[in-house]
Amino acid sequence: MKVPMTEYLEIDLDRELWMCRVCNHEVGPARQSYKEGLLVHARDPREIHKPILNPEWYEFTFAPDPKWVQILEYYCPGCGTLVEAEYLPPGHPPVVDMEFDIDALKRQWAGRKPLTEAELAGPDMAGLSHQHSHSRKQKAHKHGS
Ligand SMILES: [Zn+2]
């Protein structure tokens, strides 16, 4: 049984693995941080939040100072999907943002049916489901899975 945990990650409870929901890549053991199985790009925050003022004229430009913050982007090695991004002080280890009791999840899901596509998508609050071009189903289709 695969249980969705985020838009791009699910846990295969039978094999105790984090999986990419886009390409089914096996990210890593579900009892460890999924981030250990992803590719990391440590970004200079000035690339993402560009200076508003000319850095040659002003000390403070409204762009983040890379001595104080870096942006870590985590990508699936299988399909390149950006799975997570976080802002951290330079040198800070990746944040453990999800840690599940796998045994409790197994007990919880033992009596449940797998979620249907409609249940996974949730309610169509804005009535835009036919126009949305970034749905998981379409991405999975593009990658042939
Ligand atoms: Zn993937």
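In what pattern do the elements of the protein chain follow one another along the sequence? I read β-β-β-β-β-α-β-β-α-α-α. I note at the outset that this is a predicted model.

**Entry 1. Inventory of the chain.** I looked up the secondary structure and found four helices and seven strands. I then turned to burial: of the 145 residues in the protein chain, 13% are buried. I also looked up how contacts are spread along the sequence. Considering contacts between residues at least 6 apart in sequence, I recorded that 43% join residues at least 24 apart.

**Entry 2. The sheet of β1 to β4.** I traced an open sheet formed by four strands, in the order β1-β2-β3-β4, with antiparallel pairing. I asked why one side of β1 and of β4 is left without a neighbour in the sheet. Strands β1 (2-4) and β4 stand at the edges and have a single partner strand each, so one side of each lacks a neighbour there. With direction ignored, neighbouring strands of this sheet are turned against each other by 30 degrees on average.

**Entry 3. The hairpin of β2 and β3.** I followed β2 through residues 9-12 and β3 through residues 17-20; the two run antiparallel and are joined by four bridges. As a reference point on this pair, I noted that Leu9 stands opposite Cys20 in β3. I next inspected the turn, where four residues lie between the strands of this hairpin. Within that turn, Glu16 has a positive phi of about 55 degrees.

**Entry 4. The hairpin of β3 and β4.** I moved to the other side of the pairing scheme and located β4 at residues 26-29. Three bridges join β4 to β3, and the two strands run antiparallel. I identified Gly28 in β4 as the bridge partner of Trp18. Which residue of this hairpin takes a positive phi near 65 degrees? I found that it is Asn24, in a hairpin with five residues between the strands.

**Entry 5. The pair of β5 and β6.** I proceeded to β5, which covers residues 39-43. How many of its five residues are buried? The count is zero, and I therefore entered β5 as hardly covered, given that a residue counts as buried when 20 or more other C-beta atoms lie within 10 Å of its own. I then looked up the partner of β5 and found β6 at residues 70-75, running antiparallel to β5 and joined to it by five bridges. For orientation along this pair, I recorded that Arg43 has Ile71 in β6 as its bridge partner.

How values were computed: Residues numbered from 1 in each chain as written. Predicted model: local features only at pLDDT ≥ 70, side-chain atom pairs only at ≥ 80, totals over all residues. Pairing = 2+ DSSP bridges. Buried ≥ 20, exposed ≤ 12 C-beta atoms within 10 Å, placed from the backbone. Contact = placed C-beta atoms within 7 Å. Axes fitted to C-alpha atoms, helices over the stretch in contact; angles between N-to-C directions.
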